[in-house]
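Work through these exercises with the structure open beside you. Try each task before you read its solution.

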Amino acid sequence: MAAPRLFLRTLGVKSSLTGLTGGVHGSLGFTLLKLSPGCTAKPTAQRRHAAHFTYHPDPVPTQYGPTQKMNLFQSVTSALDNILASDPTAVIFGEDVAFGGVFRCTVGLRDKYGKDRVFNTPLCEQGIVGFGIGAAAAGATAIAEIQFADYIYPAFDQIVNEAAKYRYRSGNLFDCGKLTIRSPWGCVGHGSLYHSQSPEAFFAHCPGIKIVVPRGPVQAKGLLLSCIEDKNPCIFFEPKILYRAAVEQVPTEAYHIPLSQAEVLQEGSDLTLVAWGTQVHVMREVAAMAQEKLGVSCELIDLQTILPWDTETVCKSVVKTGRLLISHEAPVTGGFAAEISSTVQEECFLNLEAPISRVCGYDTPFPHIFEPFYIPDKWKCFEAVKRMINY
Amino acid sequence: MQNMLTVIANAFKAGAKINGSRVMVSARSFADFTPQASFDIKRCDLHRLDEGPSVQTVLTREDGLKYYRTMQTMRRMELKADQLYKQKIIRGFCHLYDGQEACAVGIEAGINPTDHVITAYRAHGYTYTRGVPVKEIMAELTGRRGGVAKGKGGSMHMYATNFYGGNGIVGAQVPLGAGVALACQYQGKNEVCVTLYGDGAANQGQIFESFNMAALWKLPCIFICENNKYGMGTSVERASASTDYYKRGDYIPGIRVDGMDVLGVREATRFAADYCRSGKGPILMELQTYRYHGHSMSDPGVSYRTREEIQEVRSKSDPISMLKDRMISNNMASVEEIKDIDAEIRKEIEEAAQFATSDPEPPLEDLCNHIFYNDAPLEVRGTNPWTRLKSMS
């Protein structure tokens with residue numbers, strides 16, 4: 001298993017980090033990136049050659065038949081293999097998908113199913129999605145790939161104005177429900193501005209589409225197959241840092257994991273943690289740390305479907321625990337945590353023991369060299385947990 | 001006599017770098033060099049044009065040495081970047097330009113420093129020709145504060161005076177270039193904007209939108225398609241319905257140029273710049289060139305093309321070798337001189353790499369700087385509700 005290779009450069013970073021733990025106050029009284037002294041930040045040893053999380057595989061699913069060891073990109077290939085076999089109208093297209101894709105998600109499919117079902121498109125995201133909408137409206141199961149989520153913006157108009165509103169504006173005469181867009185998503189350690197973005201919040205503002213982010217291979221295959229079968233256009237974001245890092249036993253047959261259902265991964269009584277994608281694994285560690293160091297029992301929820309999201313599970317959990325921490329890599333202002341936070345305070349106001357906490361990326365473009373400081377790692381989340389408990 | 005020779009030797013070495021200085025004094029070994037020679041260039045294919053760039057050009061000795069030095073510096077710089085990337089001192093994405101040096105140098109030779117250039121992510125070469133020292137380019141690659149974008153941009157985001165980058169999203173820089181051309185036209189300073197994109201980007205919708213606007217308003221924009229035959233791993237035949245990229249402008253006249261010949265590129269650029277400056281509107285140039293490395297450092301470059309193909313281009317059409325052979329066979333430079341230049345460049349690159357590796361990284365406060373233009377420092381919300389960072393933009 002290849003651990004994601006996240007390196008911090010050596011001396012320069014070390015010195016600035018140790019400078020930080022002392023606490024630096026700006027002249028205007030704002031704190032500049034101060035790590036609270038109580039938080040045992042072991043910067044260099046911890047971070048030098050490690051990812052900002054450890055992957056925790058799911059237990060082996062027994063209810064779907066025989067399983068095989070697969071990592072995330074292999075589980076995606078397996079899902080696509082299943083759908084191409086069972087659905088004769090299914091087609092896969094995108095930039096470089098024919099040889100297998102830049103992340104090897106489509107390896108072998110062209111040889112197996114033919115070049116009229118798995119084909120490359122030229123470099124035109126707007127064209128790819130528009131073409132997909134047309135193909136889906138005409139009855140083909142269209143699975144489009146956008147090579148990186150950062151490149152999805154030329155297709156934004158097609159997704160928001162054409163795909164999402166097709167059924168509505170035609171009074172259910174037409175729809176492009178057979179469209180699914182897959183895209184690698186999220187930080188990867190060295191992606192910098194244009195290979196690390198998490199754009200789910202932009203699309204969450206658009207009724208008519210569904211957005212799904214899996215946390216591992218088993219969820220990915222089940223959720224992807226559900227997205228493809230779902231009669232609405234779906235965007236499926238795959239955390240690219242997990243493509244090789246996440247290895248699990250994945251069923252070889254097709255199976256579906258229902259959309260719009262959040263999953264409670266760990267029951268707890270004091271605090272609810274909500275995250276999706278890679279961040280779920282960070283939160284697992286936070287929950288373990290909270291239990292060990294503070295004796296706090298955390299309930300961990302993987303949201304899975306961002307839109308439409310499972311308000312019931314989250315609210316039920318908050319009613320039980322009274323505290324909520326939401327975390328994602330995207331910038332905090334206008335990020336999806338804001339939506340969750342707002343809804344929860346509406347529904348569960350009297351049950352809240354502490355203000356809802358959002359630990360997210362800074363309001364800056366995704367940085368090139370500052371990435372380890374930008375991402376909401378477990379220390380920052382743990383800090384938030386402590387403050388909420390002591391509120 | 002000895003003194004004079006040292007003076008001349010020094011003056012020559014300095015002269016080779018400084019534009020316009022004439023060091024044609026007779027000295028021991030320099031007396032035999034021809035000061036200039038005339039060369040034939042391949043005729044360009046034309047689209048909607050009656051006349052193209054001239055097929056003969058004059059190259060002076062110091063121009064030749066200047067081009068040689070620039071191209072060789074770019075080549076060495078890219079190879080050094082390759083090395084540093086493999087040592088993991090440079091991380092992230094790194095798109096190398098070696099093999100295509102003639103394009104950047106030829107274009108720069110055909111325009112003025114006051115003209116504007118914008119390109120996509122394979123930008124190290126253009127950053128150099130637009131005047132940024134190698135040291136700063138390498139420091140930007142390693143993400144240090146001595147870098148041209150203060151370490152915050154990295155490989156794909158390098159900028160300089162009249163050089164607008166360095167842009168990550170494919171094709172997005174072309175409408176920007178058209179906009180810069182509009183500014184040139186509006187300000188009336190007789191400047192042009194050179195807007196570059198690749199064969200992959202040529203299929204993006206925004207390129208055609210820019211063509212339309214530029215032609216409609218007769219903007220002084222030179223659109224240049226650097227066709228290196230592969231868009232990442234996809235060959236042009238598999239990506240484009242029409243691989244005649246110089247004709248893709250449809251109503252915009254176009255020329256197709258051999259991008260491996262620096263003199264050809266220079267002549268074509270001069271022609272194109274004159275065309276734009278005379279107010280006739282935009283023009284499209286296709287430079288047929290080749291890159292030796294893969295698309296980026298994560299691409300070995302041999303899964304979609306054969307090693308023999310790369311070797312063939314390297315031996316038959318390498319821009320630096322071609323220029324060197326031309327100069328030596330016309331007695332415009334000596335082998336020793338070229339060797340000296342090579343050695344100097346090597347040293348320069350070594351020092352630059354040294355600087356790039358040892359320079360400190362930008363300070364953490366820079367994380368939030370330059371988001372907006374602020375008069376008073378802006379509060380940037382952090383990863384926690386109680387962490388606020390200052391943006392001192």
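**Exercise 1. Decide whether A:Pro214 is buried or exposed, then find what surrounds A:Pro214.**

Step 1. This is a predicted model, so treat every value as computed from it.

Step 2. Take the relative accessibility of A:Pro214, which is 1%. Buried means under 20%. A:Pro214 therefore counts as buried.

Step 3. Locate the residue. A:Pro214 sits in the loop that runs between strand 6 and helix 9 of chain A.

Step 4. List the contacts, leaving out residues up to four places away in sequence. A:Pro214 touches A:Gln219, A:Ala220, A:Leu223, A:Phe236, A:Phe237, A:Pro239 and A:Gly277.

Step 5. Look at one of these partners, A:Gly277. Along the chain, A:Pro214 and A:Gly277 are 63 residues apart. Their C-alpha atoms are separated by 5.3 Å.

**Exercise 2. Work out the strand order of the open sheet of 7 strands in chain A, and say which strands stand at the edges.**

Step 1. Read the order across the sheet: 3-2-4-5-7-6-12. The pairing is mixed.

Step 2. Find the edges. Strand 3 (118-120) and strand 12 (305-307) of chain A each have a single partner strand, so one side of each has no neighbour in the sheet.

Step 3. Check the twist. On average, neighbouring strands of this sheet are turned by 20° against each other, direction ignored.

Step 4. Zoom in on one edge. Strand 2 (residues 90-94) of chain A pairs with strand 3 of chain A in the parallel sense, over 3 bridges. At one position, A:Ile92 has A:Val118 in strand 3 of chain A as its bridge partner.

Step 5. Add the helix. Helix 9 (residues 217-229) of chain A packs on the sheet. Helix 9 of chain A touches strand 4 (141-145), strand 5 (179-185), strand 6 (210-212) and strand 7 (234-239) of chain A. The direction of helix 9 makes about 165° with that of strand 7 of chain A.

**Exercise 3. Find out how strand 14 of chain A is paired, and how many of its residues are buried.**

Step 1. Count the buried residues in strand 14 (residues 357-361) of chain A: 5 of the 5. Strand 14 of chain A is therefore largely enclosed by the rest of the structure.

Step 2. Find the partner. Strand 13 (residues 324-331) of chain A and strand 14 of chain A run in the parallel sense, paired over 5 bridges.

Step 3. Pick out a bridge. A:Pro331 is matched with A:Gly361 in strand 14 of chain A.

**Exercise 4. Classify two aromatic pairs by the distance of their centres and the angle of their planes.**

Step 1. Start with the total. The whole structure holds 22 aromatic pairs over all chains.

Step 2. Take A:Phe156 and A:Phe202. Their ring centres are 6.5 Å apart and their planes stand at 90°, so this pair is edge-to-face.

Step 3. Place the two rings. A:Phe156 lies in helix 6 (residues 156-163) of chain A and A:Phe202 in helix 8 (residues 200-204) of chain A, so the pair ties together parts 46 residues apart in sequence.

Step 4. Check accessibility. A:Phe156 is partly exposed at 27%. A:Phe202 is partly exposed too, at 49%.

Step 5. Take A:Phe366 and A:Tyr374. Here the centres are 4.9 Å apart and the planes at 55°, so the pair is tilted. A:Phe366 is buried, with a relative accessible area of 8%. A:Tyr374 is buried at 1%.

Step 6. Look for a cluster. A:Tyr153, A:Phe156, A:Phe202, A:Phe203 and A:Phe237 form one.

**Exercise 5. Find where a charged end sits over a ring.**

Step 1. In chain A, look at A:Arg169. Its charged end sits over the ring of A:Tyr166, 4.8 Å from the ring centre.

Step 2. In chain B, look at B:Lys135. Its charged end sits over the ring of B:Phe355, 4.5 Å from the ring centre.

**Exercise 6. Draw up a profile of each chain.**

Step 1. Count the elements. Chain A has 15 helices and 14 strands. Chain B has 12 helices and 12 strands.

Step 2. Give the buried share. For chain A, 61% of the 391 residues count as buried. For chain B, 58% of the 393 residues do.

Step 3. Give the exposed area. Chain A exposes about 14,800 Å², with 54% supplied by carbon and sulfur atoms. Chain B exposes about 16,400 Å², with 51% supplied by carbon and sulfur atoms.

Notes: Residues numbered from 1 in each chain as written. Chains lettered and ligands numbered in written order. Predicted model: local features only at pLDDT ≥ 70, side-chain atom pairs only at ≥ 80, totals over all residues. Heavy atoms only, no water. Pairing = 2+ DSSP bridges. Helix = DSSP H or I, 4+ residues; strand = E, 2+ residues; numbered from the N terminus. Axes fitted to C-alpha atoms, helices over the stretch in contact; angles between N-to-C directions. Contact = heavy atoms within 4.5 Å. Phe/Tyr/Trp six-rings, centres within 6.5 Å; stacked < 30°, edge-to-face > 60°. Buried < 20%, exposed > 50% of the residue type's maximum accessible area, 1.4 Å probe, protein only. Lys NZ or Arg CZ within 6 Å of the ring centre and 35° of its normal. Areas by Shrake-Rupley, 256 points an atom, 1.4 Å probe, with all protein chains shown as cover.
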